[in-house]
Amino acid sequence: QNVSRNVPGLDESGWELICERVKKMGIDKFRVMLLPEWLEPENDNDDSAAIDWSSLTPDSLEMQSLYKLLDLAEEADIEVTLVLWGVSKTASLAANGYDSKSYFMGEGNDSPNWIVGASGAMIDEYVENFSAYIQLLVNQKGYTCIAEVTPGNEPDWSWQINGQSLGDFNAYLEMCLKLDARFKADGIRDKVAFNLVDTTYDRNEQWLQLGADNLEGIADVMNTHTYNFGYQTPNSTVRAWERNNAAISKSIGAAHFVGEFGSNLCVGSTRQTDIDDYERGVYLVRMMNNFFNGGACGMSYWTLNDYYINKKANYEQMMQLGLFRSAKDEYKSETNYRQLTDFQVRDQYYAYSLMSRYVPVGADVYPMEINDELTAGTAFEKDGKTVYSIANGGGTSHKFSVVRGAGEFEYYLYREGSLPEGDELISASQTISVKDGCLSFEVPAHTVVLLRQK
């Protein structure tokens, strides 16, 4: 939420640039952060069973920013997962008086994190708040793009209760059960799917299994975040991890989604040292292919662009993991500031965009068996057309001959030194025809190749 920061570039022209970029990328899904205080900075009343709509703030700057994002999703046919991040201990909003004000849902919770879990009567306040969001956005404003809700970001560590330093699954479970009951009582449960668990890699198997044991019939999707795989992590390790996730989820009829991912070169939660490296683009697509090959129904990268979470955040707290940067003036302390431009793209943007543009939603997924633990390939088929995605993270070029029927394929190459400028995306460099029953092509070392059937 950059709405509270008075920086040149964070204006209507900047927003229009982002909108056009998103449309070019062909993004299919947004995972969107919400905080309870954007809509309810003060407790609406003492009765969590009855919403006092006159006490809410649907016109706050934060809510106006949310509407603009949802308007973009509606226009571009993008599905949205709304994540009510948790309970803030202090509210930091654009409105005067909320620079750092104690927030009622978090009062009395002395756990160490800035975002914590709800317990006791505050669980009822939290589920009331999420219900109010959905009633406002879906019933009153008529947004049709909202497909899923996720209560609590990474609750395995963040759903902290009364001094705990890790998440409390029992408290999280109580909240999920109450959320399901509240949405049913308010007539909105059938309007959104529940995307639950949202666990980190560290406690992934434990929390997914707890979810399977306790949330059958409530969890439509379960998801995991990972920043634990590196450039030398073998494909087999990543696939095995995702196969286990998908199997646990499938045991209760739920799909598994990778809600966040990035490299393991983390410096705290807001930086990864490889963020500007060309090779990161190859890495991201290799991970995506492995997740699909392991049975994931999809994945979302965190984040689209660099941003500040709240008004009081300092530069070190700025989330700098975006596919592209924020406005130039946000980076005045950087040594390369003068060389930057507003919303400058990183190399990974071009690689990720190949996947978002050309991998069709709902495609059948066929893993490609490649005898190289650093080269991952996936075939996607839908409506009689095939897309091949191959990411070669190793040092050896590979030649492929795929046995298949007739057809012509556009060949797209993500390669260092030959990337487009600015917002332009990678275009097909050649068309390859099937000859003698084989589609033959090369994937150079440290590149991504995508072939799209015409």
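**Figure 1. Tyr-412 meets its bridge partner, Leu-450, in strand E21.** This is a predicted model, where local features need pLDDT of at least 70, side-chain atom pairs count only at pLDDT 80 or more, and totals for chains, interfaces and linings use all residues. Residues are numbered from 1 along each chain as its sequence is written, and side-chain values use heavy atoms, leaving out hydrogens and water. Strands E18 (residues 408-414) and E21 (residues 447-453) run antiparallel and are joined by six bridges; two strands pair if DSSP finds at least two bridges between them. Strands (E, at least two residues) and helices (H or I, at least four) are DSSP runs numbered from the N terminus.

**Figure 2. E18 and E21 belong to an open sheet of six strands.** Follow the strands across in the order E14-E15-E16-E21-E18-E19, with antiparallel pairing. Which strands stand at the edges? They are E14 (364-368) and E19 (430-433); each has a single partner strand, so one side of each is left without a neighbour in the sheet. From one strand to the next, the twist averages 20°.

**Figure 3. Helix H10 (residues 347-358) lies across four strands: E15 (375-382), E16 (385-392), E18 and E21.** H10 runs at about 155° to E18 (axes are lines fitted to C-alpha atoms, for helices over the stretch in contact, meaning heavy atoms within 4.5 Å, and angles run from 0 to 180 degrees between N-to-C directions). Is H10 mostly covered or mostly uncovered? H10 is mostly covered, with 10 of its 12 residues buried (under 20% relative accessible area; exposed is over 50%, partly exposed in between, with a 1.4 Å probe and protein chains only). Among the buried residues of H10 are Tyr-349, Tyr-350, Tyr-352 and Tyr-358, along with Leu-354 and Met-355.

**Figure 4. Strand E9 (221-226) is covered on both faces.** Val-221, Asn-223 and His-225 are buried on one side, while Met-222, Thr-224 and Thr-226 are buried on the other. Six of the six residues of E9 are buried, so E9 is largely enclosed by the rest of the structure. E9 pairs with strand E8 (residues 193-200) in the parallel sense, over four bridges. Look for Leu-196, whose bridge partner in E9 is Met-222.

**Figure 5. Ile-134 sits in helix H4 (residues 121-140).** Buried or exposed? Ile-134 counts as buried, at 0% relative accessibility. Beyond residues up to four places away in sequence, Ile-134 touches Leu-82, Asn-139, Ile-146, Val-149, Phe-183 and Ile-188. Asn-45 is 89 residues from Ile-134 in sequence, and their C-alpha atoms are 19 Å apart.

**Figure 6. Gly-217 is exposed, in contrast to Ile-134.** Its relative accessible area is 63%. Find Gly-217 in the loop between helix H7 (204-214) and E9. The C-alpha atoms of Gly-217 and Gly-117 are separated by 23 Å, and these two residues are 100 residues apart along the chain.

**Figure 7. Some loops hold backbone details worth a look, including a cis peptide bond from Trp-302 to Thr-303.** This bond has omega near 15°, and Thr-303 lies in the loop between strand E13 (298-299) and H10. Phe-343 is also placed in the loop between E13 and H10; although not a glycine, Phe-343 has a positive phi of about 55°. With a relative accessible area of 4%, Phe-343 is buried. Where does Glu-154 lie? Glu-154 is in the loop between strand E7 (146-151) and helix H5 (155-158). Glu-154, not a glycine either, has a positive phi of about 50°, and this residue is buried at 11% relative accessible area.
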